[in-house]
Structure formats: C-alpha cells, structure tokens
Amino acid sequence: MKFSATVTLQYPTIFSAFSAEDYVQGLDWIRDSGLDGAELCISHYHGLDLGLIRAQLQERGLGCSTLSTGQSRSLEGLSLIGVTPDIREKTQQRLLEHIDAAAYLGSRVTIGLLRGLGSAASADRDLRELAEAMKPIIDHADRRGVTLCLEAINRYETALLNSAEAAMDFIENGLGNPDCVGILWDLFHANLEDADLCACIDLMGKKLAHVHLADSNRMFPGYGHTDMKGILKAIKESGYTGYASFECLNLPDRETVLRETGHWVDSIRQL
Ligand code: LER
Ligand code: MN
C-alpha cells in the first residue's frame with residue numbers, strides 16, 4: 001500500500017494543511033513525512049503548468065495518486081446530471097482534461113461530487129442519466145489507460161452512490177463493469193454508510209481503486225472511534241497495493257496533522 005496526502009493547487013480546501021500558494025511546502029512536507037505521493041486538487045487547467053508540477057513531484061521522488069476534481073462543482077456549477085446540455089458537455093470536457101492530465105502525471109481521476117447530487121425521489125433516473133453522461137469519459141479513460149475512481153459519498157452530501165455496495169452495483173449493472181472504473185472508498189463516508197467494513201473490502205475486491213483516510217469524525221486517524229488500524233490491516237491483507245490518501249480536517253489541530261502523519265504511516269507500514 002502507498003500513502004499520499006491532499007495538496008491543492010488553485011483554491012482552498014479544508015483537507016490540506018497548506019494553502020494553494022504554499023503547495024510546494026506541502027510537497028516538501030509529504031516527502032519529509034515519508035509518504036509516496038500527493039493527491040492533487042485541480043479545478044481547471046487555465047494557467048496551470050503541469051510540466052512544472054510533474055517536475056516538482058519528480059524532484060521529490062513523489063507520485064500523484066489521484067486528481068481530486070470536485071471543486072469545480074461548487075465554484076463553477078459543473079455537474080454530469082441535472083443540468084442543461086451545455087453544462088453537462090462542459091463537465092464532460094473538464095473530465096477529459098483531467099484524464100489527459102492524469103495520463104501525463106501517471107495518476108488516476110476521482111469522480112466524486114462532480115457527478116452531481118441527484119435526489120432520493122429520482123435516484124434511478126439520475127443514475128441512468130449519470131451512466132449515459134459517463135460514456136465518453138469512460139471511453140477516453142480506457143483509451144488513455146487511466147482509472148476513474150468513483151467515490152462513495154454519504155447521504156448528507158449526495159443522494160447517489162452513498163455506500164460501497166451502491167457504487168459496486170452501479171459499476172457492474174449501470175456502467176457494464178468497465179475495467180477502467182473503480183471505487184474510491186472514503187473511510188469517513190464508510191463509517192456513516194457501510195454496515196460491515198471488512199465485508200465491503202471483500203465485496204469491492206479488485207474494484208477498490210483508492211482509499212481516503214479520515215477517522216469517524218473526519219479528524220486525523222486516531223482521534224475518532226473508527227478502528228483505522230484494523231481496517232487498514234484488512235485492506236493490506238486483501239492484497240490492495242494502491243494508495244491510501246489523507247483527506248481529513250486539520251483536527252484536532254494543524255500541528256498534530258503535520259507532526260503525526262509520518263509516524264502514523266510508519267505504524268501502518270509495519271502492520
Ligand atoms: C471528497 O473526496 C469527499 O469526500 C467529499 O466529502 C467532499 O465533499
Ligand atoms: Mn473523500
């Protein structure tokens with residue numbers, strides 16, 4: 001298993017200990033903490049120098065785990081469902097750009113809230129609309145050899161794909177089980193939605209493509225009541241070799257996150 005942490009390149013996020021202006025310091029901290037890579041938050045590609053970012057990662061011996069793409073939903077109103085055809089096309093286009101960037105960086109692409117929120121009353125129709133809107137994105141990801149990480153997100157943020165089981169069902173039956181689509185399992189959302197976390201690891205099997213690390217209250221691992229070490233051990237024992245990436249709040253405080261990340265990763269590597 002490899003480890004990464006969220007680094008934002010353009011806009012603020014509650015999930016990074018560094019601002020976009022200080023992202024290079026964030027990369028230094030990731031390297032110094034002994035992690036393997038950065039999960040990059042990218043909203044759009046205007047004025048973004050991907051060549052420079054790739055060089056900055058390489059200089060530090062870091063990979064890029066996945067591209068976090070959800071910022072443009074709140075900042076620009078992008079969504080794959082429940083929007084006008086021109087907004088849907090703009091969203092599809094943005095995801096194609098993310099896929100090209102991921103191919104260049106050797107990364108994956110997350111599809112979380114950028115897919116749209118849907119509603120409980122129209123969930124079946126929403127998922128059919130989502131499957132249709134994802135077709136050109138899946139074709140492009142397949143051509144470019146990039147994995148799409150469909151994130152299971154809790155019911156208080158979206159009506160669609162809340163649990164690992166729902167995400168598996170959608171990939172298999174809604175999308176026709178394409179090889180290039182896997183699941184992003186976020187342990188904060190899983191704590192709210194998934195009844196048996198070890199059973200989920202078995203259920204997802206090879207479809208588990210990325211993991212987000214946060215405790216039950218979204219604090220740094222060890223400051224909530226999820227058995228983080230037990231789950232990480234089970235993920236490792238399942239044969240998972242992908243990334244587990246910190247996506248927790250700067251809580252209990254930023255200093256704790258900065259100080260404890262390296263030690264916590266070491267302890268998980270030894271499990
Ligand atoms: C993003 O990875 C995530 O987990 C969402 O909760 C962001 O709102
Ligand atoms: Mn997440």
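The following exercises, each with a worked solution, concern a predicted model of a protein with bound ligands.

**Exercise 1. Identify the residues that coordinate the manganese ion (ligand 2), and state which geometry their arrangement has.**

Step 1. The ligating side chains are those of Glu151 (OE), Asp186 (OD), His212 (ND1) and Glu247 (OE), at 2.1 to 2.2 Å from the manganese ion (ligand 2).

Step 2. Along the chain, these donor residues follow the spacing E-x34-D-x25-H-x34-E.

Step 3. To be octahedral, six donors must have opposite members over 155 degrees apart and all other angles between 65 and 115. Ideal values for six octahedral donors are 90 or 180 degrees. Around the manganese ion (ligand 2) there are 6 donor atoms with angles of 70 to 177°, and the arrangement is therefore octahedral.

Step 4. His212 belongs to strand β7 (residues 208–213), whereas Glu247 sits in the loop between β8 (243–246) and α10 (254–269); the pair therefore ties together parts that are 35 residues apart in sequence. His212 and Glu247 are both buried.

**Exercise 2. Describe the surroundings of ligand 1 and determine what share of its area the protein buries.**

Step 1. The residues around ligand 1 are Leu113, Glu151, Glu157, Asp186, His189, His212, Arg218 and Glu247. Among them, Glu151, Asp186, His212 and Glu247 also coordinate the manganese ion (ligand 2).

Step 2. Polar contacts are then examined. Oxygen atoms of ligand 1 lie 2.7 Å from a side-chain N or O atom of Glu151, 2.7 Å from a polar side-chain atom of Glu157, and 2.8 Å from a side-chain N or O atom of His189.

Step 3. Ligand 1 taken alone exposes 260 Å², of which the protein buries 81%.

**Exercise 3. Determine how many salt bridges the model has, and analyse the one between Arg144 and Asp100.**

Step 1. The count is 17 salt bridges.

Step 2. In the bridge between Arg144 and Asp100, the N to O distance is 2.9 Å. Arg144 is part of helix α5 (residues 123–144) and Asp100 of helix α4 (residues 85–105), and this pair links distant parts of the chain, 44 residues apart.

Step 3. A residue is partly exposed if its relative accessible area falls between the limits of 20% and 50%. Arg144 is partly exposed because its relative accessibility is 40%, and Asp100 is partly exposed because its value is 32%.

Step 4. Further bridges include that of Glu255 with Arg254, whose closest N and O atoms are 3.9 Å apart, and that of Arg259 with Glu260, at 3.8 Å. A network of salt bridges with shared partners joins Asp28, Arg31, Asp32, Glu59 and Arg60.

**Exercise 4. Examine the backbone at Pro252, Leu161 and Arg218, and locate each residue.**

Step 1. As a reference, most residues other than glycine have a negative phi, and most peptide bonds are trans.

Step 2. Leu251 and Pro252 are joined by a cis peptide bond, with omega of about 15°. Pro252 is located in the loop between β8 and α10.

Step 3. Leu161 has a positive phi, near 55°, and lies in the loop between β5 (148–151) and α6 (164–174). Leu161 counts as buried because its relative accessibility is 5%.

Step 4. Arg218 also has a positive phi, of about 70°; its position is in the loop between β7 and α9 (228–237). With 11% relative accessibility, Arg218 counts as buried, and Arg218 is one of the residues that surround ligand 1.

Key:
Residues are numbered from 1 along each chain as its sequence is written. Chains are lettered from A and ligands numbered from 1 in the order in which they are written. This is a predicted model: local features need pLDDT of at least 70, side-chain atom pairs count only at pLDDT 80 or more; totals for chains, interfaces and linings use all residues. Side-chain values use heavy atoms; hydrogens and water are left out. Donors are N, O and S atoms within 2.8 Å of the metal (3.2 Å for Na, K and Ca); water is not among the atoms, so sites may look incomplete. Four donors count as tetrahedral if all angles lie between 85 and 135 degrees; four count as square planar and six as octahedral if opposite donors are over 155 degrees apart and all others between 65 and 115; anything else is irregular. Helices (H or I, at least four residues) and strands (E, at least two) are DSSP runs, numbered from the N terminus. Buried means under 20% relative accessible area, exposed over 50%, partly exposed in between (1.4 Å probe, protein chains only). A residue is near a molecule or strand if one of its heavy atoms lies within 4 Å of it. A polar contact is a pair of N or O atoms within 3.5 Å; within protein, one must be able to donate a hydrogen and the other to accept it, and residues adjacent in sequence count only if both atoms are side-chain atoms. Accessible areas come from the Shrake-Rupley method with a 1.4 Å probe; for residues, only the protein chains shown count as cover. A salt bridge is a side-chain nitrogen of Lys or Arg within 4 Å of a carboxyl oxygen of Asp or Glu.
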